[in-house]
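Please open the model in a viewer and keep the selection panel at hand. The tour below proceeds stop by stop, with a selection to make at each.

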Amino acid sequence: MTFHKCNCHYIPPHVLGNMAKKGDPAVRQAARTSAQQAKLSREKRGVQAPKVPEMLTGIAMATAPAPVTAAREVYDCQNKWELRVKLARGEGDPEFGDDDVDTVYGYAETVRGYFAELGRNSIDNAGMNLRLNVHVGENYMNAFWDGDEMAFGDGDGQIFTSFAQSLDVMAHEMAHGVTQFTANLDYYSQSGALNEHFSDVFGTAITQYKLNQTVDDADWLIGNEIMGPTLYGEALRSMKAPGTAYDNPLLGKDPQPAHMKDYYNGPNDNRGVHINSGIMNRAFYLAATDQIGTQKAAKIWYHALQNLWPTADFDDAVEIIVESARTLVGDGVVPEGTTQTVRLAFKEVGLPS
Amino acid sequence: MHIEFEFSGGYGGLFAAKPLGYRVETDELPDEVRDKLLALIRDSGVLELKPAQATGGPGPQRDVFTYSLTIGEGAAAKSFAFDDASAPPAVRPLLSRLRELAVEQRMRP
């Protein structure tokens with residue numbers, strides 16, 4: 001497999017803005033995504049968009065990033081609270097000898113390969129390198145996507161074990177990157193819950209793919225494999241039965257609803273991005289288990305992700321996912337009857353609302 | 001010194017519906033816990049931060065923990081909002097310790 005693709009061009013923000021408003025739909029989408037990425041990157045770094053005279057000097061061209069190859073870069077953060085402390089294993093390097101470094105290196109190949117089979121060249125579809133940071137912080141009970149790279153904590157060994165040891169977690173975080181470079185769903189309210197939902201979909205689909213599981217073999221749980229002794233047997237989310245993943249003195253009770261009638265309307269969690277995703281997760285589970293299968297359902301959802309937009313809500317997603325099902329039926333990718341199965345799955349969770 | 005701390009979020013969406021809180025007067029803590037916490041506060045430089053350096057906001061980061069932190073007495077108290085990706089590196093050990101203390105308190109019978 002070849003991953004080399006140069007991505008060292010630079011287009012000024014005002015030009016991207018104009019392109020996003022004019023031209024054919026494909027150009028508009030590409031320009032909109034590029035402009036969003038540039039804006040997000042500037043926000044992350046706390047810098048302003050460069051002024052036109054600066055760009056005309058050619059400085060931007062001279063400082064363009066090096067060519068990228070979808071190569072894996074695994075960094076050992078040595079329990080410091082910063083990223084990219086030490087490059088431990090690059091693409092093609094021999095085993096490093098650290099379990100988390102080598103495990104995450106292997107998982108990244110699985111996830112990269114899965115998206116390649118869907119027709120995608122890395123996170124940005126332009127060969128972006130996969131930067132994975134392990135041993136982040138001390139006893140850090142989390143994993144996240146920071147807009148450019150992934151970070152995995154060791155857990156405390158009691159409540160959570162290492163987040164780097166879960167393919168589900170790695171695929172979930174990398175899928176946040178894919179979403180950033182496609183629909184770029186706002187991380188707030190329903191669009192934010194969709195953002196979380198798509199990451200759960202790919203986390204689960206990739207895990208089932210790797211383990212060669214059928215919909216009946218799969219546990220449809222998220223996070224069960226990183227539970228330490230204190231929470232052993234619990235999970236963080238259930239796609240099959242949202243609201244049942246955990247109930248214990250530490251975490252309380254799983255707040256995810258399984259149906260729109262129980263929709264969370266509160267202000268916390270960016271208005272419920274990790275809570276209301278349960279409704280969409282349940283719909284995916286119902287579609288996958290009603291004859292379609294997880295992998296074909298994931299193809300429909302991936303098709304839809306490329307046609308959604310930052311402020312899309314649940315009803316928008318239902319419309320686009322059903323449209324995607326119809327398109328893929330027409331292309332012979334999924335069988336006749338799939339559109340109706342998907343529509344029924346959403347109806348069973350109260351969507352469209 | 002009075003401290004009020006809350007956190008939620010992360011990959012697990014922990015305490016999503018109700019952030020986990022920790023409220024304490026450092027004078028009431030065991031000596032060892034108090035001394036370590038005060039040292040972390042001092043080393044973090046959090047009390048010297050300007051508001052713009054300590055405000056978590058919308059950005060590309062996903063699944064980070066988000067934190068609210070108030071330190072100090074009465075009108076002199078300072079309040080901050082952070083997340084894992086945007087918090088100044090020097091503040092992260094303090095946030096980690098407060099997170100541990102909040103969890104320990106919740107786990108206590």
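Begin by selecting A:Ala235 in this predicted model; the residue lies in the loop that joins strand E6 (221–222) to strand E7 (237–238) of chain A. Is A:Ala235 buried or exposed? Its relative accessibility is 1%, and because buried means under 20%, A:Ala235 counts as buried. Next, display its surroundings. Apart from residues up to four places away in sequence, A:Ala235 touches A:Leu221, A:Ile222, A:Gly223, A:Asn224, A:Met227, A:Ala245 and A:Tyr246. Of these contacts, A:Leu221 merits a distance label: A:Leu221 and A:Ala235 are 14 residues apart along the chain, and their C-alpha atoms are separated by 6.3 Å.

Now select residues 294–305 of chain A, which form helix H10. With 12 residues at 1.5 Å a residue, H10(A) should span 16 Å, and its end C-alpha atoms are indeed 16 Å apart. Colour the buried residues of H10(A): A:Thr294, A:Ala297, A:Ala298, A:Ile300, A:Trp301, A:Tyr302, A:Ala304 and A:Leu305. To see what surrounds them, add helix H5 (99–117), H6, H7, helix H9 (277–292), helix H11 (314–330) and helix H12 (338–348) of chain A, against which these buried residues pack.

The next stop is the interface. Select the residues of each chain that are in contact with the other: 44 in chain A and 29 in chain B. The two chains bury about 2800 Å² between them, with 61% of that area on carbon and sulfur atoms. Highlight A:Trp81, A:Met141 and A:Leu250, which supply 22% of the area that chain A buries against chain B, more than any other three residues.

What polar features cross this interface? There are 14 residue pairs in polar contact, both residues at pLDDT 80 or more, whereas the count of salt bridges between the chains is zero. On the side of chain A that touches chain B, the elements giving two or more residues are helix H2 (25–45), strand E4 (143–145), helix H6 (167–180), helix H7 (189–210) and helix H8 (268–272). Select H6(A) in particular, since the eye may rest there: H6(A) provides the largest share of that side, six residues. Coloured by class, the side of chain A that touches chain B shows 22 nonpolar, 12 polar and 10 charged residues.

Finally, move to chain B and select B:Thr26, in the loop between strand E2 (20–25) and helix H1 (31–44). B:Thr26 is buried, with a relative accessible area of 1%. Beyond its neighbours within four places in sequence, B:Thr26 is in contact with B:Met1, B:Ile3, B:Arg34, B:Leu37 and B:Leu38.

Key:
Residues numbered from 1 in each chain as written. Chains lettered and ligands numbered in written order. Predicted model: local features only at pLDDT ≥ 70, side-chain atom pairs only at ≥ 80, totals over all residues. Heavy atoms only, no water. Contact = heavy atoms within 4.5 Å. Buried area = accessible area lost by both parts, 1.4 Å probe. Salt bridge = Lys/Arg side-chain N within 4 Å of Asp/Glu carboxyl O. Polar contact = N/O pair within 3.5 Å; in protein donor to acceptor, adjacent residues only side chain to side chain. Helix = DSSP H or I, 4+ residues; strand = E, 2+ residues; numbered from the N terminus. Nonpolar A, V, L, I, M, F, W, Y, C, P; charged D, E, K, R; others polar. Buried < 20%, exposed > 50% of the residue type's maximum accessible area, 1.4 Å probe, protein only. Expected span 1.5 Å × (residues − 1).
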